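Got your viewer open and a hand on the mouse? Let's take a walk through this structure, one selection at a time.

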Amino acid sequence: AQREPVRVTRHNRVVGVVVSAQDFEAMRAFYANRLLGTMAASAGDAAAAGMTPARLEELLADES
């Protein structure tokens with residue numbers, strides 16, 4: 001796993017992959033940054049559509 005990812009198989013199906021700690025951290029950082037970008041874009045879209053914090057609270061309130 002230090003040189004390249006290692007596939008773990010069961011019954012000829014890949015059930016996991018072992019990667020180096022360095023590769024794992026790089027992938028984690030990549031996907032975390034991608035998520036932050038998606039969240040920022042969604043917030044911008046919501047604001048452009050007129051969503052306000054008050055309206056969001058109203059939509060998320062429990063109606064029990």
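Start by selecting Arg28, which is partly exposed because its relative accessible area is 45%, between the 20% and 50% cut-offs. One thing to know before you click further: this is a predicted model.

**Stop 1: the partner of Arg28**

Keep Arg28 on screen and add Glu25. These two form a salt bridge, and the closest N and O atoms are 3.1 Å apart. Why are they separated by about one helical turn? Because Arg28 and Glu25 are three residues apart in helix 1. Glu25 counts as partly exposed too, as its relative accessibility is 39%.

**Stop 2: the helix around them**

Now select residues 21–48. That is helix 1, with 28 residues. From its first C-alpha to its last, helix 1 reaches 41 Å, close to the 40 Å expected at 1.5 Å a residue. Then step off the end: just after helix 1 you'll find Gly50, which takes a positive phi of about 95 degrees.

**Stop 3: the second salt bridge**

How many salt bridges does the structure hold? Two. You've seen the one between Arg28 and Glu25, so select Arg55 and Glu58 for the other pair. Their side chains meet at 2.5 Å, N to O. Both residues sit in helix 2 (residues 53–60), three residues apart, or about one turn of the helix. Check how open each one is: Arg55 is partly exposed, with a relative accessible area of 35%, while Glu58 is exposed, at 52%.

**Stop 4: the hairpin**

Head back toward the start of the chain and select residues 6–10 and 13–18, which are strand 1 and strand 2. Strand 1 and strand 2 run antiparallel, and five bridges join them. For one pairing to look at, pick Arg7: its bridge partner in strand 2 is Val17. Two residues lie between the strands of this hairpin, and in it His11 takes a positive phi near 55 degrees.

How many of strand 1's five residues are buried? Zero, so to speak: strand 1 is hardly covered.

**Stop 5: a nonpolar patch**

Stay with the strands and select Val6, Val8, Val15 and Val18. Together they make a nonpolar surface patch of about 280 Å². Strand 1 and strand 2 each supply at least two residues of that patch. Zoom in on Val6, which is found in strand 1. Is Val6 exposed or partly exposed? Partly exposed, because its relative accessibility is 37%. While you're here, turn the strands and keep one rule in mind: in a regular strand the side chains alternate between the two faces of the sheet.

**Last stop: zoom out**

Show the whole chain as a cartoon. You should be able to find two helices and two strands. Following the sequence, the pattern reads β-β-α-α. The radius of gyration is 20 Å, well over the 11 Å that the globule rule gives for 64 residues, so the chain is more spread out than a compact globule. Its C-alpha atoms fill a box of roughly 50 × 30 × 15 Å along the principal axes.

Finally, switch on the surface. The accessible surface of the chain comes to about 6000 Å², and 56% of that belongs to carbon and sulfur atoms. What share of the 64 residues is buried? Buried residues make up 2%.

Definitions and conventions:
Residues numbered from 1 in each chain as written. Predicted model: local features only at pLDDT ≥ 70, side-chain atom pairs only at ≥ 80, totals over all residues. Heavy atoms only, no water. Patch = residues over 30% accessible without salt bridge, like charges linked within 9 Å, V, L, I, M, F, W, Y side chains within 5 Å. Areas by Shrake-Rupley, 256 points an atom, 1.4 Å probe, with all protein chains shown as cover. Salt bridge = Lys/Arg side-chain N within 4 Å of Asp/Glu carboxyl O. Helix = DSSP H or I, 4+ residues; strand = E, 2+ residues; numbered from the N terminus. Buried < 20%, exposed > 50% of the residue type's maximum accessible area, 1.4 Å probe, protein only. Expected span 1.5 Å × (residues − 1). Pairing = 2+ DSSP bridges. Rg over C-alpha atoms; globule rule 2.2 N^0.38 Å.
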